[in-house]
Amino acid sequence: MNTILIEKIRKEIEALEPTTKVERIGTVVKAGDGIAEIEGLKDAMMAEMVVFETTEGKALKDALDHEPVVGFVLNLEEDFVKTVILSGAERIREGMVVRGTGKTLSIPVSSAMVGRVVNALGEPIDGKGAIKEESRLPIERIAFGVIDRSGVDTPLHTGIKAIDAMVPIGRGQRELIIGDRGTGKTAIALDTILNQGSEPKETRPICIYVAIGQKESKVARIVGDLEERGAMAYTIVVVAGASDPAAMQYLAPFTGATIGEFFMLKGQDALVVYDDLSKHAVAYRQMSLLLRRPPGREAYPGDIFYLHSRLLERSAKLSAKLGGGSLTALPIIETQQGDVSAYIPTNVISITDGQIYLDTDLFNKDMRPAINVGLSVSRVGSAAQTKAMKKVAGKIRLELAQFRELEAFMQFASDLDKETKDRIEKGRRLSELLKQPNGHPSSFEKEVLAIYAGVSGLIDGVKVEDMRLFETKLMEYFDHHAAGVLESMRKERAISDENESELKAALASFKSVHHELFIA
Amino acid sequence: MKASWYAEALAGALVGKNEKEAEKVVARFYEVIKAHGHTGLLPFIPAELEKIEARAQAHREATLVTADAKSRTKWSHAYDHYYRETLLPLDATRKDVIDETIIGGYQIRTKDLLVDSSYKRSLIELYQKITN
């Protein structure tokens, strides 16, 4: 061993003088199912961290290697406090001493967390060593008030054409992703994370993916994908897997929000994906029932709405005085057989600033992403939409709405006039244009280009089945022959008159070069 | 309904009662339990009462833990000090315990307070300071 280190230890031991510590304690009277009932701890606070004295009666040698068992207070009763044990519940015994820490549950946070996988307590679980702590932040905090916030005015591009055009998301917004299982909810969230890689480094949001109650294999696959695509360079993954205690699953989204707030308070932008809050609600229900809190609708406790609202209210766009950082939330809710009127979905719909509804029928019709444009809405995002996107997106929403009406009518009518037929055909082409393969987010300027081509009438002569080929060729053409148009759109974030004429000329030239794609 | 809940109610009702009054309370308690159809819980209630009494006894106890019998007298003054400082309950009854694992020093424990001046705690803290 290093002689300097030995000397340092020797000095420390020589200077050691036993000190006296007066602590508040309690005694475990009952324990089971991850819950411990404690007598004593007279001045305990809500969400106070408590430490179970598992080293009592153990020799010093054994006590040194003992991982402490930690819990936090959730019920304050007349004679008892009920705590939730975070890990190592099997080591709790009746009569065990419990020490109050006088601190509410907090987690270590630091910039070094980027690129790492952590558990609900902020501890690394990816085997890449310890994370240097910059500060500790309480896991629960009151959301910023009206004065501390500013309006949502900066777009957060998802790289998904249908979303960026019709359900735009702004930085600081809370946009719910809702749908049945297997409809691509996680895929949308992950594409959004992947797309942030194309943002300039100085404005790129730090992404936090919170996996709640998911299979470890799925999380491993997601982390692998993010790593492979280079997205872990700006992403933190918080995991409370299916095999973790309900308490950890309950804490995980709050941990994600706390990490996000750390970056927001530094003036940076952050994006948190809560995947998913249905499982979070189930974990909280389990804990509440074990804590013997009265069950309400669907056996959820009465404060389930408050649980989600206080979590999602922490998303904000801060005022310039506070650094102008933002925390965007993309909560995910899994519905059962498309029922959006169930308890938890309606709660979260009413809390968030809009929702992206994924439809099983559309998914089965190979419309991917399976976004139901009629049921999806963004209440604040349009204020953050870029001028370029706003210019083209208004038209596509209208065209698609007309198409959906006519499509329903078409099922009954056999003889249609030419104008109606053309509208239906155009609607089909536009729907086809909005299709996007999983894991391939588009850059902002290419999204605008594709939609502009769609609404300007260029696609009118293209066969529906050739739409994907058309889009590929169009992008290739612009990359090689009209990169300047894309570049100026990317810089200006608008389609100026000058730009538009260049765009029209480039599109006309594309049409003449690839005339084989156009039937008329 | 649990036997422990009935036992707690009964224990509360019996506080400060003399023998005659206690008899009346018990008779009334029996009527209540019968009216609720919970007479099946009666055999378990005495055991629960014993637990409550043991707990109350433990609450009054203040334990002085030392590493060996020799140091007990040495640390008695610490116990007296905290008693005078009213950190310990006024009706506290002292109980002496020997626990070799604390290595040295002492610990004074009541229901909701721990005065820890053990060498074991100091050494664990030193270990954590060096290794973290």
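Which domains does the domain assignment give for chain B?

## Chain B: two domains

This is a predicted model. In chain B, the assignment gives domain 1, covering 3-57, and domain 2, covering 58-131. Their C-alpha centres are 36 Å apart.

Where these two domains of chain B touch, domain 1 supplies four residues and domain 2 supplies four residues. On the domain 1 side of that contact, you will find two nonpolar residues, one polar and one charged.

## Chain A: an open sheet

Now let's turn to chain A. Here eight strands make up an open sheet with mixed pairing, and their order is S8-S12-S11-S13-S14-S10-S15-S16. The edges are formed by strand S8 (117-119) and strand S16 (377-378) of chain A, each of which pairs on one side only.

If you would like a pair to look at in the viewer, try strand S11 (residues 206-212) and strand S13 (residues 269-275) of chain A, which run parallel and are joined over six bridges. Within this pairing, Cys207(A) has Leu271(A) in S13(A) as its bridge partner. As general background, strands of a sheet pair through backbone hydrogen bonds, in either a parallel or an antiparallel way.

## Helices on the sheet

Helix H7 (residues 277-290) of chain A packs on the sheet, where it touches S11, S13 and strand S14 (326-334). The direction of H7 makes about 75° with that of S14(A).

Helix H9 (residues 343-351) of chain A lies across strand S10 (176-179), S14 and strand S15 (354-358). Helix H9 runs at about 160° to S14(A). Strand S14 of chain A is thus a handy landmark for finding both helices, H7 and H9.

Conventions. Residues numbered from 1 in each chain as written. Chains lettered and ligands numbered in written order. Predicted model: local features only at pLDDT ≥ 70, side-chain atom pairs only at ≥ 80, totals over all residues. Pairing = 2+ DSSP bridges. Helix = DSSP H or I, 4+ residues; strand = E, 2+ residues; numbered from the N terminus. Contact = placed C-beta atoms within 7 Å. Axes fitted to C-alpha atoms, helices over the stretch in contact; angles between N-to-C directions. Domains from an automatic or database assignment. Nonpolar A, V, L, I, M, F, W, Y, C, P; charged D, E, K, R; others polar.
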